[in-house]
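Please open the model in a viewer and follow the stops below in order. Each stop gives a selection to make and then describes what is found there.

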Amino acid sequence: MAAGTVQIKTVLIDLSGTLHVEDTALPGAVQALKRLRDSKIPIKFVTNTTKESRRCLYERLIRLGFELQQEEIWSSLWAAQDLLRSRNLRPMLLVDDAALEDFSGLTECGENEQNAVVIGLAPDKFNYLDLNKAFRLLLTGAPLIAIHYGRYYKRSDGLALGPGPFVKGLEYASDCSSEIVGKPSRAFFESALGGIDPAHAVMIGDDVRDDIGGAQALGMRGFLVQTGKYRPGDESRISPAPAAVCPNFADAVDLILKEHANPGGC
Ligand SMILES: [Mg+2]
């Protein structure tokens, strides 16, 4: 290896908008993941997906043809339940019903025993009644735990509101600040890296702030893909800019493989 070059020791990969959009794999993504696996570079999947449990997510990806292990998925939902257990909190959960199995053992308490609000993407629960219950709980001093702060995400019918606007609304009403457990939080990326020096890691994702900005703040390189929620001009929304901008996941993988095969770049 040439002096001053950095060997890639791990690749973190976003899921929604990078590998797939809902039940459709993005073109070339299944094959590109296979090529990356053949290189033996360790991989982890880091996702802010909050609408389904880790098991549901894993089963969906397998159905779409991706090769992965359930344990390779680093989900913000999983990080949230970990945080709740470590702090012995009894949450009011504003999360989708499909995500509840990740919180087993944490949902049995009665409403008057709840002492934390957890909020993810839960379109069916973003109504006045439930949001007002959360607001009242926050007024008692309960912490507001945001699984993530995403402004919007990509659905097959177009862009759609994420949990961020609802988190912001609760913060505004109750004059509190949320604690974010998913991307772009530093702790989330650090736990996914598991001790690997961030300088030796690459993050591939379609969210310029949460994927790329978050990873680069920790010292990783971020490769932004122009699929999923990407909108023209996103690359100029963060500083420093993404280390690379690629049309899609397959191109990002090819860039990594080229660098891996020729680490000196010459
Ligand atoms: Mg994404």
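Begin by selecting G219, which lies just after helix 7 and takes a positive phi of about 105°. The model is a predicted one, and the backbone should be read with that in mind.

Next, extend the selection back to helix 7, residues 208-217. Eight of its 10 residues are buried, so helix 7 is largely enclosed by the rest of the structure. The buried residues are V208, D210, D211, I212, G213, G214, A215 and Q216. Which elements cover them? The cover includes strand 1 (10-13), helix 6 (186-193), strand 12 and strand 13.

Two of these covering elements, strand 12 and strand 13, lead to the next stop. Select residues 201-205 for strand 12 and residues 221-225 for strand 13; the two pair in the parallel sense over four bridges. Within this pair, G205 stands opposite L224 in strand 13.

Now display the whole sheet to which they belong. It is an open sheet of six strands, in the order 5-4-1-12-13-14, and the pairing is parallel. At its edges are strand 5 (73-75) and strand 14 (244-246), each of which pairs on one side only. On average, neighbouring strands of this sheet are turned by 25° against each other, direction ignored.

Between strand 13 and strand 14, select the loop residue A241. Is A241 buried, exposed or partly exposed? With 15 other C-beta atoms within 10 Å, A241 is partly exposed. Leaving aside residues up to four places away in sequence, A241 touches E235 and S236. For a sense of span, add S104 to the selection: its C-alpha atom and that of A241 are separated by 40 Å, and the two residues are 137 residues apart along the chain.

The following stop is a pair of helices. Select helix 1 (residues 29-38) together with helix 8 (residues 249-261); they pack at an angle of about 15°, with their axes 8 Å apart. Helix 1 and helix 8 are therefore roughly parallel to each other, and their crossing is left-handed. To see the contact, show A29, A32, R35 and L36 in helix 1, which meet F249, A250, V253, I256 and L257 in helix 8. By class, this contact has eight nonpolar, no polar and one charged residues.

Move now to the other open sheet, which has four strands in the order 6-7-8-11 with parallel pairing. Strand 6 (91-94) and strand 11 (179-180) stand at the edges; each has a single partner strand, so one side of each is left without a neighbour in the sheet. Select strand 8 (residues 144-146) with strand 11 to view two bridges in the parallel sense. Here A146 stands opposite I180 in strand 11.

Keep this sheet visible and add two helices. Helix 3 (residues 76-86) lies across strand 6, strand 7 (116-119) and strand 8, and runs at about 170° to strand 7. Helix 4 (residues 128-139) also lies across strand 6, strand 7 and strand 8, running at about 150° to strand 6.

Finish at a hairpin formed by strand 9 and strand 10, with two residues between them. Select residues 152-155 for strand 9 and residues 158-161 for strand 10: the strands run antiparallel and are joined by four bridges. In this hairpin, K154 stands opposite L159 in strand 10.

Conventions. Residues are numbered from 1 along each chain as its sequence is written. This is a predicted model: local features need pLDDT of at least 70, side-chain atom pairs count only at pLDDT 80 or more; totals for chains, interfaces and linings use all residues. Two strands pair if DSSP finds at least two bridges between them. Axes are lines fitted to C-alpha atoms, for helices over the stretch in contact, and angles run from 0 to 180 degrees between N-to-C directions. Two residues are in contact if their C-beta atoms, placed from the backbone, lie within 7 Å. A residue is buried if 20 or more other C-beta atoms lie within 10 Å of its own, exposed if 12 or fewer, and partly exposed in between; C-beta atoms are placed from the backbone. Angles under 35 degrees count as roughly parallel, over 145 as roughly antiparallel, 65 to 115 as roughly perpendicular and the rest as oblique. A crossing is left-handed if the near helix is turned anticlockwise from the far one by less than a right angle, and right-handed if clockwise. Ala, Val, Leu, Ile, Met, Phe, Trp, Tyr, Cys and Pro count as nonpolar, Asp, Glu, Lys and Arg as charged, and the others, Gly among them, as polar.
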